[in-house]
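The following report describes the fold, the helix packing and several individual residues of one protein model. It begins with a single residue and its contacts, and widens from there.

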Amino acid sequence: MIKPIIILKSKIPNLFSFGNKITYGITFFPFIFITDFTKITRGSVTRYYSIDEVINHEIIHFQQTIETGVVGFNIIYLIEFIYKLIKYKNISNAYNNISFEREAYKHMKQLNYIKYRKIYN
């Protein structure tokens with residue numbers, strides 16, 4: 001099994017934050033970049049996740065990338081995002097309705113999810 005290289009306290013997720021949306025982590029195969037959680041306070045964010053939940057969310061994306069291929073994952077993600085953006089006319093709604101994101105958010109609090117996850121879920 002391929003394992004990700006996890007980089008903690010990274011500034012890379014900050015580059016993908018927009019408006020009130022804070023990006024806690026991002027996967028660029030084979031790396032997972034996690035923001036510096038010591039600089040995030042509950043009062044400044046609309047949604048709060050633990051570092052373990054964010055890592056789990058990104059590990060789900062890592063597995064999705066393995067299954068679809070790096071290029072395949074990015075193409076599917078982009079096409080689905082554009083389609084959902086046209087459909088919902090809202091960036092946040094488009095992002096939240098991407099199938100990859102729906103799976104990752106749905107299971108991010110189940111820290112052992114990846115162990116029993118069905119392939120191509």
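## Core, helix packing and loop residues

Setting aside residues up to four places away in sequence, Met108 touches Tyr49, Glu53, Val54, Asn56, His57 and Ile60. The coordinates come from a predicted model, and the contacts and angles below should be read with that in mind.

Met108 also belongs to the largest nonpolar core, which has nine residues and further includes Tyr24, Ile32, Ile34, Phe37, Tyr49, Val54, Ile55 and Phe62. The elements that give two or more residues to this core are β3 (31-34) and α1, and the largest share, three residues, comes from α1. In soluble globular proteins, nonpolar side chains tend to be buried together.

As for the overall fold, the secondary structure comes to five helices and three strands, and along the sequence these elements follow the pattern β-β-β-α-α-α-α-α. The C-alpha atoms fill a box of roughly 35 × 35 × 25 Å along the principal axes. For 121 residues a compact globule would have a radius of gyration near 14 Å, and the protein, with 14 Å, agrees with that expectation. Buried residues make up 36% of the 121 residues. Of the contacts between residues at least 6 apart in sequence, 56% join residues at least 24 apart.

Two packed helices are described by the angle between their axes and the distance between the axes. Helix α1 (residues 51-68) and helix α2 (residues 70-88) have axes that come within 6 Å and cross at roughly 110 degrees, which makes α1 roughly perpendicular to α2. In this contact, His61, Gln64, Thr65 and Thr68 of α1 meet Val70, Gly72, Phe73 and Ile76 of α2; by class, the contact has three nonpolar, five polar and no charged residues.

Helix α2 also packs with helix α4 (residues 99-107), at an angle of about 100 degrees and with the axes 9 Å apart, and α2 and α4 are therefore roughly perpendicular to each other. Here Phe73, Ile76, Tyr77, Glu80 and Lys84 of α2 meet Ser99, Phe100, Glu101 and Arg102 of α4, and by class this contact has four nonpolar, one polar and four charged residues. Phe73 and Ile76 of α2 thus appear in the contact with α1 and again in the contact with α4.

Several loop residues deserve separate comment. Pro30, in the loop between β2 (25-28) and β3, is joined to Phe29 by a cis peptide bond, with omega about 5 degrees. Asp36 is found in the loop between β3 and α1. Leaving aside its neighbours within four places in sequence, Asp36 is in contact with Lys9 and Ser10. With a relative accessible area of 15%, Asp36 falls under the 20% cut-off and therefore counts as buried.

Lys9 lies in the loop between β1 (5-7) and β2, and Lys89 in the loop between α2 and α3 (91-96). Lys9 has a positive phi although it is a residue other than glycine, and the same description holds for Lys89. Their values are set out below.

| Residue | Phi | Relative accessible area | State |
|---|---|---|---|
| Lys9 | near 55 degrees | 57% | exposed |
| Lys89 | near 55 degrees | 70% | exposed |

Terms used:
Residues are numbered from 1 along each chain as its sequence is written. This is a predicted model: local features need pLDDT of at least 70, side-chain atom pairs count only at pLDDT 80 or more; totals for chains, interfaces and linings use all residues. Side-chain values use heavy atoms; hydrogens and water are left out. Axes are lines fitted to C-alpha atoms, for helices over the stretch in contact, and angles run from 0 to 180 degrees between N-to-C directions. Helices (H or I, at least four residues) and strands (E, at least two) are DSSP runs, numbered from the N terminus. Angles under 35 degrees count as roughly parallel, over 145 as roughly antiparallel, 65 to 115 as roughly perpendicular and the rest as oblique. Contact means heavy atoms within 4.5 Å. Ala, Val, Leu, Ile, Met, Phe, Trp, Tyr, Cys and Pro count as nonpolar, Asp, Glu, Lys and Arg as charged, and the others, Gly among them, as polar. A nonpolar core is a set of buried Ala, Val, Leu, Ile, Met, Phe, Trp, Tyr and Cys residues joined through side-chain atoms within 4.5 Å. Buried means under 20% relative accessible area, exposed over 50%, partly exposed in between (1.4 Å probe, protein chains only). The radius of gyration is taken over C-alpha atoms; the globule rule is 2.2 Å times the number of residues to the power 0.38.
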